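Student: Could you walk me through one spot in this model in detail, and then follow the contacts outward from there? I'd like one connected story rather than a list.

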Amino acid sequence: SEGLKRWQRGQTGFPLIDAAMRQLWKVGWMPNYLRHVTAQFLIEYLDVSWKEGLLWYDYTLVDSDVAINAMMWQMGGHSGLGAWNFVMHPVFAGKKVDPEGHYVRRWLPELRGLPVEYIHCPWEAPCACLLSANVLIPKFYPEQIIIDLVKARTSHVRNVIEVRRKHPELIQKDGHELLDVGGEQLTVRVRDDIKDNSEEISLLMTPDEAHSAQRRRLAHTKGVHHELLFEESKKYAVAHEAADTL
């Protein structure tokens, strides 16, 4: 599909997604946080099967582990024994972990002239700002593949719920699902906003989203996530450069 191809090539029009996917293609690696963000963008917003993402990660990641890769994609794709009980926003996640836009500018040099307030959302920049930064959309950088993110998520949730309604025999009273494995039924944990078969979008990430602060008990998540992302990238870059000299 067009969505899958643009995701693979880092041409979605969402800078954080594109930067991560281009890093993946160029060096075979990306920070763990961005693996979650890009995976959820493919599943939750582009409504592409998790199996396609699994195959692409397995093909491109130099540190791909068959069991971990499959497990994580199944959890993100509503098909695992557990579920990710959160949904990342492609713009707000960028402002959270890359507040100054350094990561995006490194992997998307065509956007390096944009001021920080527009680096994660170039479509919001005034025409004069885009011209001065030499960012011409869609000539030098693609238009957004999705205009209405909430509408896209709602469409995906409806498709998931439709499958659940077609198989009521596999839905437990508490909304979680059953999986038959060799005659034995296992419980499959379902994400909170889906187990009630509600089309209302409740898991919304905001610019000041505190989900990670609650889980990790960190007081300043923006700064911490920013540092973790770049420390992780720095360690890999050193290892990658050392391998090139061998």
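**Around Q144**

Tutor: Once the neighbours within four places in sequence are set aside, Q144 is in contact with R6, T12, G13, F14 and W123. Keep in mind that this is a predicted model. Q144 itself sits in a loop, the one between α8 (127-132) and α9 (149-166). Is that loop residue buried or exposed? Buried: the relative accessible area of Q144 is 17%, and the cut-off for buried is under 20%.

Let's take two of those contacts, F14 and W123, together. F14 and W123 belong to one aromatic cluster, along with F41 and Y45. So Q144 touches two members of that cluster, F14 and W123.

Now follow R6. R6 is among the buried residues of α1, a group that also includes G3, L4, W7 and Q8. What do these buried residues pack against? Their partners are α2 (15-27), α3 (32-45), α4 and α5. Right after α1 ends, G10 adopts a positive phi of about 70°.

One step along from R6 is W7, a good place to pick up the ring geometry. W7 has a relative accessible area of 0%, so it counts as buried. Across the whole structure, a search turns up eight aromatic pairs. In one of them, the ring centres of W7 and W73 are 6.3 Å apart with the planes at 85°, which makes the pair edge-to-face. This pair connects distant parts of the chain, since W7 is in helix α1 (residues 2-9) and W73 in helix α5 (residues 66-76), 66 residues apart. W73 is buried too, at 3% relative accessible area.

W73 has another ring partner, Y57. Here the centres are 4.9 Å apart and the planes meet at 75°, so this pair is edge-to-face as well. Because Y57 is in helix α4 (residues 50-60) and W73 in helix α5, the pair ties together parts 16 residues apart in sequence. Both of these residues, Y57 and W73, are buried.

Y57 also leads to N69, which has its place in helix α5. Leaving out residues up to four places away in sequence, N69 touches Y57, L54, D58 and S64. How far apart are the C-alpha atoms of N69 and L54? They are separated by 6.7 Å, although the two residues are 15 apart along the chain. N69 is buried, with a relative accessible area of 9%.

Finally, back to the Q144 loop and α8 (127-132), on one side of it. You may wonder about the cysteines numbered in that range, C127 and C129. Disulfides in this model come to zero. For C127, the nearest cysteine sulfur belongs to C129 and is 9.9 Å away, and C127 is in no disulfide. The same holds the other way round: C129 is in no disulfide, with the sulfur of C127 as its nearest, at 9.9 Å. A pair would need its sulfurs within 2.5 Å, so these two don't qualify. Their surroundings fall into opposite classes: C127 is exposed, at 61% relative accessible area, while C129 is buried, at 15%.

Note on methods: Residues numbered from 1 in each chain as written. Predicted model: local features only at pLDDT ≥ 70, side-chain atom pairs only at ≥ 80, totals over all residues. Heavy atoms only, no water. Buried < 20%, exposed > 50% of the residue type's maximum accessible area, 1.4 Å probe, protein only. Phe/Tyr/Trp six-rings, centres within 6.5 Å; stacked < 30°, edge-to-face > 60°. Helix = DSSP H or I, 4+ residues; strand = E, 2+ residues; numbered from the N terminus. Contact = heavy atoms within 4.5 Å.
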